[in-house]
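Reader: I would like to learn how to read the strands and helices of a protein model, one feature at a time. Could we begin with what is needed for strands?

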Amino acid sequence: MILTVTLNMALDVTYEVPAVDWDGVNRVGAVHRRAGGKGVNVARVLAALGQEVLVTGLAGGPTGRAIEDDLRAAELPAAVFAIGGDSRTTLAVCEGGETPRTALFNEPGPEVTAAELAAFTRHYTALAGRADAVVISGSLPRGVPADLYATLAGLAPAPVIVDADGEPLRHAPKGRPAVVKPNAEELARAVPGTPGEGAEALRAQGAGAVVVSLGADGVLAVTGEGTFRARMPYTVRGNPTGAGDALVAGLALGLVEGAPWPERLRRAAALGAAAVAAPVAGAFDRDVYADIHPRITVTPAS
Ligand SMILES: Nc1ncnc2c1ncn2[C@@H]1O[C@H](COP(=O)(O)OP(=O)(O)OP(=O)(O)O)[C@@H](O)[C@H]1O
Ligand SMILES: [Mg+2]
């Protein structure tokens, strides 16, 4: 089983509108509501690949109940830890027309108390004890320490992947995660220098491997087997949100199966590309996956 951890679970709401009128009344054409947060997206991709998964994280209030209802409807196994605060909603307003545009409104989410965090940590430790791999991803809710991902990674007996930004990313190597997955901008914010230098620095601080995602340019990975560069044969057009989550799902499968790094990277990068071709985060296009997978080149880099 692969455990995915989303501390700031969300209800992702999408409004489809023909054109936004900021001074008037907007008629919403279609509304979509689904459980979100990066770990939920990772679990959706893994489940679609037939991998046993378990979703955990913090959720509460009426929005938290809506999140849990959607996980049940999607048949995603979940052991969500209930908190007192109301979970956040993330709103995407998508304008159709000639040049489609999307505006995102991300609520900060609930404040988590010290007692809730302590109880969640016990809940997590029990779940992580029976996982083959753990994926920890997304933003931290308010009220928890910036090094929480390092702490959670250190508590898991199984290999851990951390996908984080900012302070949580900077602290992550202390927990000795098997893999840290920033994109190039996140890495540059956390560590100065080129992507290669930043990845080397996080590895020197304790990460087993650092996989830097470069959007349509592919992947740079600094691993115990060496440094590799995965290049995409073409640019996929579509919705890039969630490409990183699909890449992380592929990396988690690679950890569980113990495949050599070049093979892991090829599959993970192919899933990332296939996610761009799918309209919502957490989904991927199987035809794009099958087409692009054999054409991704992975070469040693320095
Ligand atoms: N337009 C694209 N065409 C082909 N492959 C892509 C494209 N965008 C992303 N990928 C693949 O998906 C991987 C992950 O994408 P990206 O670097 O955008 O992740 P990210 O910034 O973490 O995304 P997010 O956090 O929004 O899910 C890339 O390393 C690459 O292999
Ligand atoms: Mg990302």
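Author: Let us begin with a definition: two strands are said to pair if DSSP finds at least two bridges between them. Please keep in mind that this is a predicted model.

Reader: How many bridges join β8 to β9, and do these strands run parallel or antiparallel?

Author: Strands of a sheet pair through backbone hydrogen bonds, and they do so either parallel or antiparallel. In this model, strand β8, residues 133-137, is joined to strand β9, residues 160-163, by 4 bridges, and the two run parallel. As one example of a partner, S137 has its bridge partner in β9, namely D163.

Reader: Which sheet do these strands belong to, and in what order do its strands lie?

Author: They belong to an open sheet of 10 strands, and the order is β5-β4-β1-β8-β9-β10-β11-β12-β13-β14, with mixed pairing. At the edges are β5 (81-83) and β14 (297-300), each of which pairs on one side only.

Reader: Where would I look for antiparallel pairing in this sheet?

Author: A good place is β12, residues 219-223, which is joined to β13, residues 226-231, by 5 bridges, the two strands running antiparallel. These strands form a hairpin, with 2 residues between them, and V219 of β12 stands opposite A230 in β13. You can then follow the pairing onward, since β13 also pairs with β14 in the antiparallel sense, over 4 bridges, and there A230 stands opposite V298 in β14.

Reader: Which helix lies across β1, β4, β5 and β8, and at what angle does it run to β4?

Author: That is helix α3, residues 114-128, which lies across β1 (2-6), β4 (53-60), β5 and β8, and runs at about 175° to β4.

Reader: Which strands form the sheet of 4 strands?

Author: That open sheet has the order β3-β2-β6-β7, and its pairing is mixed. Its edge strands are β3 (30-36) and β7 (101-106), each pairing on one side only, and the twist averages 15° from one strand to the next. Within this sheet, strand β2 (residues 10-17) and strand β6 (residues 88-95) run parallel and are joined by 8 bridges, with E16 standing opposite C94 in β6. Helix α2, residues 61-73, packs on the sheet, where it touches β2, β3 and β6, and its direction makes about 90° with that of β3.

Reader: How should I describe two helices that pack against each other, and what are the values for α8 and α9?

Author: Two packed helices are described by the angle between their axes and by the distance between the axes. Helix α8 (residues 243-257) and helix α9 (residues 261-276) pack at an angle of about 150°, and their axes are 7 Å apart. Angles over 145 degrees count as roughly antiparallel, and α8 and α9 are therefore roughly antiparallel to each other. The crossing in which α8 passes α9 is right-handed. Among the residues that make the contact are A243, G244 and A246 of α8, and R264, R267 and A268 of α9. By class, the residues of this contact divide into 11 nonpolar, 4 polar and 2 charged.

Reader: How do the axes of α1 and α8 cross?

Author: The axes of helix α1 (residues 38-48) and α8 come within 8 Å and cross at roughly 60°, which makes α1 oblique to α8. Here, too, the crossing is right-handed as α1 passes α8. In this contact, K38, N41, V42, V45 and L46 in α1 meet D245, A246, V248, A249 and A252 in α8, and the classes are 7 nonpolar, 1 polar and 2 charged residues.

Reader: Finally, which residues come nearest to ligand 1?

Author: Of the 21 residues around ligand 1, those that come nearest are S213, A243, G244, G272 and A273. The elements that give two or more residues to this shell are α8 and α9, and the residues of the shell divide into 11 nonpolar, 9 polar and 1 charged. You have already met A243 and G244 in the contact of α8 with α9.

Key:
Residues are numbered from 1 along each chain as its sequence is written. Chains are lettered from A and ligands numbered from 1 in the order in which they are written. This is a predicted model: local features need pLDDT of at least 70, side-chain atom pairs count only at pLDDT 80 or more; totals for chains, interfaces and linings use all residues. Axes are lines fitted to C-alpha atoms, for helices over the stretch in contact, and angles run from 0 to 180 degrees between N-to-C directions. Angles under 35 degrees count as roughly parallel, over 145 as roughly antiparallel, 65 to 115 as roughly perpendicular and the rest as oblique. A crossing is left-handed if the near helix is turned anticlockwise from the far one by less than a right angle, and right-handed if clockwise. Two residues are in contact if their C-beta atoms, placed from the backbone, lie within 7 Å. Ala, Val, Leu, Ile, Met, Phe, Trp, Tyr, Cys and Pro count as nonpolar, Asp, Glu, Lys and Arg as charged, and the others, Gly among them, as polar. A residue is near a molecule or strand if its C-beta atom, placed from the backbone, lies within 6 Å of it.
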